[in-house]
Amino acid sequence: MDHGIRRVAVLGAGVMGAGIAAHLANAGIESLLFDIVPKDAGSDPASRNAFALKGIESAKKIKPAAFYHKRNAALIQARNYDDHGEDLASCDWIIEVVVERLDIKQKVFQWVAEHRKPGSIVSSNTSGIPLAKMSSDMPQEMREHFLVTHFFNPVRYLRLLELVTGPDTAQSVVDRIIAFGEDKLGKGIVFGKDTPNFVANRIGTFGMASVFKHLPGSGLSIADVDAAFGSPMGRAKSAIFRTADVVGLDTLAHVFATGKNAGDERADWFEVPSFLQRLIDSGATGQKAGAGFYKKVREGGKSKILALDIETGEYVETEKKRWKCVGAAKKHDNTAKATKALLTSDDELAQFAWKVTADTLIYAANRVPEIADDIVNIDRAMQWGFGWELGPFESWDAYGVAEAVERMQADGYDVPSWVTDMLEAGRTSFYARDEQGDLTYWTRDGKVAPVPSSDKELHIADLKAKGSVIQRNPSASLHDIGDGVLLLEFHSKLNALDNLIFDLYEAALDKLDTDEFSALVIGNQDGKAFCAGANILMILMGAMQQEWGQIDDSINRLQSLLMRAKYHRKPVVTAPYGLTLGGGVEVAMHSAATLAAGETYAGLVEVGVGLIPAGGGCKEMLCRYLGDIPEGVKYDPNPFVQKIFEHVGLASVATSAEEARAKGFLRPTDRLVTNPDQLLAEAKKTALGLVQAGYQPPAQRTVKVPGSQGRAAIELYLYQMHEGGYATDHDVTVGKWLAWVLTGGDHPSGSVLTEQDLLDLERHAFVELCKTPQTQARIQHMLQTNKPLRN
């Protein structure tokens, strides 16, 4: 649907308000960022808009970056309430993001009522103030256009958008916000109710409350707890206590107070514990204050992290312990299996983790339908708002519902009757697929319902359940996704390229040669990496055995495969997201079109292991920088080649799809998709559009190279880097080989090279670098430590 939202007003230029405005800009939406006029302001606009301007500048500097690209900040205009009330009438959506005080919010809404245009949507970003109280004095027409839109910070990275509506909210308003939130902002929508802390904060902070309750006297440190509740359980690395520090301990205490007011069966657990109150009273409110549960100090010229001992109140060095339960979890790539392995271990940390998990699962079960109508909204809230890979009910399924209930009852827990009723009805999990392969869930009133889905999305798990796989090996699967379109899915570790992927890519192109299929999409949905490069173990083994011909053949195979894809008579569309490194960038580049998720982190980073891009990465960068210059135009290729060297030679990684476009890893015509769940569907739609438009592959390109003269300038740069201590001897060696490729090898200045000429140069340099002991050592070190070696 057409959401009709072209311009948005954001009221409040603090961290959250500026973050919302920044993400609107990422989506190409203009916004007006309002704040109050400073008391000491003069008459000039810059002085009177100072707070709003400061918010914009802060958003430019914040880490992680709020903008896809800093130029997007131009879409935000600074405003103040006193001078620019009339500008509110130009806005289609007005978002209130002021301090969490009802009296202040009501004053702001009164100002909004005086200046907004009829039909404009008004919403509050409150994290807990009841909608009913905020809307009590609003005019009827404004109440019909009012709802809560609760974003999570950082807005760009946390997908959750909680919607809470009132009895007067028009359904058309809700539909517009859903469409805008999902399609433009890339948000995952969760429907909450007008209850304290809504959905994610209610469950998430209860989990923290459970940790705080069980920690004293447990013998565990806060670092121990964070070791379990982070990545081993598929949650954010910041786990419990680092997350609290990032949120702010004073903010956390405020959320606890709201939770306590909910009056549920665990309301007393939201009492702020004494060790947390002492930190707040002393000003140690977390990361913003430089100290909280953790504190960074410098000793002997080095920084280290100290952790609070909650018993003594002193900061102590963190001790890295080898917990059996954490080790058991790390043996599994699958989060469900890892979670069960951790919770069923027999050490003290596993027992602690089980108590907190059991508390949280039962608390979540008791909140249906109080805070949300179903388990799906609760699970999605925790995934999208707190970064959990598995929501509470998915975690219960991972453990085994019957097994978990038996353990809970043995431990004296009162398991909600609707959960035991499910087991008695013969259903063994909250989620299950029906005979048609559709995913269903168990409802609070004992029924089976379909998990809500959108026709704007394609999910590989759903496709597989309905028999889409037509060919498979351990590293890749080939799917028939309907309408004559194939999907090639990588599923090796981090989706790294290997011979098995090459096999299936070739098979996919063979099928594309037939009349049965008309287009191919390359994509996957593991949530972390489109493709993190090539399998460097395969390269190391060949190098150590001095199988130079084998390495040359392998690289030649990859080059030929990607060129075949790029110039196939039928369109190949790539859909990168997340980590898209090295060979992953090369796969994405060799396509008829690319649709990239907004959160795509792309870079040709091979120099980190002492190699250069050899799957066509150097060739594609040269073609993209130089291949579009009109024929007959005289130009100096040196500045272009030097910029390519800067990106590739320094292993520059774009931190968004827009940055990838700016660096040349994406074409100007390639599309950005903010919603990762829509990426494959949009890629399929694009592929079909190309087919319907009568797709024809482009002509192969040629580029003019600078030759040895251009190489001299790069080698001078390498010399200066080496003399300054910024580059090792082998860094220089790798850099010289890269410069040799980018400047045309031994071809004289001004030579015009074909794509195959450039591929031959790449392959030669790659093999020569494989022969060096330093590169072999770098590859081995990366495999052992996952960190680059400077040798």
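The following paragraphs lead through two sheets, two nonpolar cores and several local sites of this structure.

The model is predicted, so local features are restricted to pLDDT of at least 70 and side-chain atom pairs to pLDDT 80 or more, while totals for chains, interfaces and linings use all residues. Residues are numbered from 1 along each chain as its sequence is written, and side-chain values use heavy atoms, with hydrogens and water left out.

One open sheet has eight strands in the order β3-β2-β1-β4-β5-β6-β7-β8, with mixed pairing. Strands and helices are DSSP runs numbered from the N terminus (E, at least two residues, for strands; H or I, at least four, for helices), and two strands pair if DSSP finds at least two bridges between them. The edges are β3 (76–80) and β8 (188–191), each of which pairs on one side only. From one strand to the next, the twist averages 25°; angles here run from 0 to 180 degrees between N-to-C directions, with axes fitted to C-alpha atoms, for helices over the stretch in contact. Within this sheet, β6 (residues 146–151) and β7 (residues 160–165) are antiparallel and share five bridges; T149 has L163 of β7 as its bridge partner. Helix α7 (residues 171–184) packs on the sheet and touches β4 (93–96), β5 (121–124), β6, β7 and β8, its direction making about 180° with that of β7. Contact means heavy atoms within 4.5 Å. Helix α16 (residues 375–386) lies across β7 and β8, at about 135° to β8.

A further open sheet, also of mixed pairing, consists of seven strands in the order β15-β16-β17-β18-β20-β22-β24. Its edge strands are β15 (469–473) and β24 (671–673), and its twist averages 20° from one strand to the next. Strands β16 (residues 476–480) and β17 (residues 485–490) pair in the antiparallel sense over five bridges, and A476 is bridged to F490 in β17. Helix α28 (residues 679–692) packs on this sheet against β17, β18 (519–522), β20 (572–574), β22 (593–597) and β24, and makes about 165° with the direction of β22.

In soluble globular proteins, nonpolar side chains tend to be buried together. A nonpolar core is a set of buried Ala, Val, Leu, Ile, Met, Phe, Trp, Tyr and Cys residues joined through side-chain atoms within 4.5 Å, where buried means under 20% relative accessible area, exposed over 50%, and partly exposed in between (1.4 Å probe, protein chains only). The largest core here has 87 residues, and F229, F241, F293, F393, W396 and F430 have the most contacts inside it. Helix α15 (residues 348–366) supplies its largest share, twelve residues. Beyond four places in sequence, the contacts of F229 include F352, A353, V356 and T357. Another core, of 55 residues, lies apart and includes Y68, A602, L604 and A765.

S345 occupies the loop between α14 (335–343) and α15. S345 counts as buried because its relative accessibility is 10%. Its side chain reaches the backbone oxygen of A341 at 2.8 Å.

Helix α26 (residues 638–649) has twelve residues, which at 1.5 Å a residue should span 16 Å; its end C-alpha atoms are 15 Å apart, in agreement. The expected span is 1.5 Å times one less than the number of residues. Its buried residues are N638, V641, I644, F645, H647 and V648, covered by elements including α25 (617–626), α27 (657–663), α29 (707–723) and α30.

P748 lies in the loop between α30 (729–742) and β26 (752–754). P748 is exposed because its relative accessible area is 55%.

Definitions and conventions. A polar contact is a pair of N or O atoms within 3.5 Å; within protein, one must be able to donate a hydrogen and the other to accept it, and residues adjacent in sequence count only if both atoms are side-chain atoms.
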